[in-house]
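Colleague: Got a minute to go through this one with me? I'd like to poke at a few spots.

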Amino acid sequence: TTTTTNGGYLVVSFERASLSQTGGGHFSPIAAYHPQTDSVLVLDVARFKYSPYWVSLADLYESMKPTDESTGLSRGWFLLYPPPIDTK
């Protein structure tokens with residue numbers, strides 16, 4: 001039996017106002033990194049409001065610093081992985 005795991009997904013929790021957007025705290029996945037500009041492509045889950053957009057890592061980092069009212073902690077990021085696939 002062989003078990004394989006697909007790649008993970010990076011999701012960020014950030015404060016929209018820090019990026020000159022309307023709304024408060026928000027979660028969105030990151031789709032790509034562009035090393036020449038040190039930017040990431042944010043796939044906004046509120047597609048009716050914002051299309052995917054590029055943002056510098058410095059600006060995204062700053063948008064994760066404000067305190068979340070619900071937790072009293074700053075925002076951040078996490079990795080999601082699909083369950084391993086059993087390839088019998």
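Colleague: Which residues form a nonpolar patch on the surface?

Modeller: Keep in mind that this is a predicted model. The patch consists of Y9, F27, F78 and L80, and together they have about 410 Å² of accessible area.

Colleague: Where does L80 lie?

Modeller: L80 is in strand β6, which covers residues 77-80.

Colleague: And why does L80 count as partly exposed?

Modeller: Because its relative accessibility is 44%, and partly exposed runs between 20% and 50%.

Colleague: New topic: R75. Buried or exposed?

Modeller: Buried, at 15% relative accessibility. R75 sits in the loop between α1 (57-64) and β6.

Colleague: What does the side chain of R75 make a polar contact with?

Modeller: The side chain of S13, at 3.4 Å.

Colleague: Which other residues is R75 in contact with, leaving aside neighbours within four places in sequence?

Modeller: Besides S13, there are F14, E15, G25, H26, S63, M64, P66 and D68.

Colleague: Okay, backbone now. What's the phi of S20?

Modeller: Near 60°, so a positive value in a residue that isn't glycine. Most residues other than glycine have a negative phi. S20 lies in the loop between β2 (9-15) and β3 (25-34), and S20 is exposed, with a relative accessible area of 73%.

Colleague: What about the phi of D38?

Modeller: Positive as well, about 50°, and D38 is not a glycine either. D38 is in the loop between β3 and β4 (39-42), and counts as partly exposed at 35% relative accessibility.

Methods. Residues are numbered from 1 along each chain as its sequence is written. This is a predicted model: local features need pLDDT of at least 70, side-chain atom pairs count only at pLDDT 80 or more; totals for chains, interfaces and linings use all residues. Side-chain values use heavy atoms; hydrogens and water are left out. Helices (H or I, at least four residues) and strands (E, at least two) are DSSP runs, numbered from the N terminus. Buried means under 20% relative accessible area, exposed over 50%, partly exposed in between (1.4 Å probe, protein chains only). Patches are made of residues with over 30% relative accessible area and no salt bridge: like charges are joined within 9 Å, nonpolar side chains (Val, Leu, Ile, Met, Phe, Trp, Tyr) within 5 Å. Accessible areas come from the Shrake-Rupley method with a 1.4 Å probe; for residues, only the protein chains shown count as cover. A salt bridge is a side-chain nitrogen of Lys or Arg within 4 Å of a carboxyl oxygen of Asp or Glu. A polar contact is a pair of N or O atoms within 3.5 Å; within protein, one must be able to donate a hydrogen and the other to accept it, and residues adjacent in sequence count only if both atoms are side-chain atoms. Contact means heavy atoms within 4.5 Å.
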